[in-house]
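Student: I would like a close look at one part of this protein. Could you walk me through a single strand and its surroundings?

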Amino acid sequence: MKKKVILIALVAVLSLASTACGVSTVTQETTLAETTSVETTAEPTTEEPTTEEPTTEEPTTEKPTEPPTEEPTEPSYYTTGQTYEDGSLDITFKSVEDYTNYEDYEAPASGNKVIRAFFEIKNNGNSSYGVGSWSFSCYADDNVAEDWYCLSDDAQELTAYEDLSKGRTVKGYIYYEVPKNAKSIEIEYEPTDAWLDETDSIVFKVK
């Protein structure tokens with residue numbers, strides 16, 4: 001009878017122990033799960049978003065393109081026998097030659113000679129034009145050549161100034177004193193009246 005009571009008591013003790021172990025295991029597992037849950041919870045970041053400061057560089061400004069410079073108009077060259085025509089005036093370079101039929105007192109300076117060029121000018125316009133030898137200049141090697149005035153009877157000089165009417169013609173020689181060794185001799189026409197563009201020039205080539 002006594003052994004039976006002890007056996008029952010032992011079974012009861014084992015049962016309580018088993019129950020206690022089960023509770024303990026569940027409690028430990030629950031605690032572990034809660035710990036894992038806490039550890040894996042991501043904390044919100046407290047970093048402020050980065051903001052880029054606006055650039056303070058000033059915009060580059062290109063300089064305005066300068067207009068192209070206008071180059072001067074090249075002169076028009078004419079040789080003996082050729083005629084310049086602009087619709088109003090015809091200027092014909094008839095001939096050019098060395099002139100030696102002068103008296104000793106008229107002789108040019110030492111090292112110089114006298115040339116004479118024959119021009120014919122006709123007015124084809126609708127109004128009068130001022131023309132004459134005063135409208136011409138001579139250049140020897142780009143230096144101004146002096147006018148030379150012939151006193152001989154055969155001078156046939158071009159009128160210094162003529163108010164040339166419509167359809168009229170004037171002609172004659174122009175005399176210049178130039179160096180004998182000049183490499184370039186040119187006679188340039190500059191109108192007395194402002195009918196020619198200032199950028200243009202009419203050049204008659206002697207040599």
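Student: Which residues of β6 make up its covered face, and which its uncovered one?

Tutor: Happy to. A word on the ground rules comes before the strand. This is a predicted model, in which local features need pLDDT of at least 70, side-chain atom pairs count only at pLDDT 80 or more, and totals for chains, interfaces and linings use all residues. Residues are numbered from 1 along each chain as its sequence is written, and side-chain values use heavy atoms, with hydrogens and water left out.

Now to your strand. The covered face of β6 holds F136, C138 and A140, while S137 and Y139 are on the uncovered face. The protein has 1 helix and 12 strands; helices (H or I, at least four residues) and strands (E, at least two) are DSSP runs, numbered from the N terminus. The helix precedes the strands in the order of elements from the N terminus.

β6 belongs to an open sheet of 5 strands with mixed pairing, in the order β1-β12-β11-β6-β7. The edge strands of that sheet are β1 (76-78) and β7 (143-144), each of which pairs on one side only. Here two strands pair if DSSP finds at least two bridges between them.

Let us take the two neighbours of β6 in turn. With β11 (residues 185-189), strand β6 (residues 136-140) pairs in the antiparallel sense over 5 bridges. Both residues of the uncovered face have a partner there: S137 stands opposite E188, and Y139 stands opposite E186. With β7, β6 pairs in the antiparallel sense over 2 bridges, and Y139 stands opposite V144 in that strand. The hairpin of β6 and β7 has 2 residues between the strands, and D141 takes a positive phi near 55° in this hairpin.

The covered face also leads us to a pocket. F136 is one of the residues lining the largest pocket, along with others including S133, W134, D147 and W148. A pocket is found on a 1 Å grid over the protein atoms alone, as an open set of points where a 1.4 Å probe fits, with protein on both sides within 12 Å along at least five of seven lines; lining residues have an atom within 4 Å of a point. About 200 Å³ of space lies in this pocket, the volume being the space filled by probe spheres set on the points. Strand β10 (residues 169-179) gives the largest share of the lining, 3 residues.

Technical notes: Buried means under 20% relative accessible area, exposed over 50%, partly exposed in between (1.4 Å probe, protein chains only).
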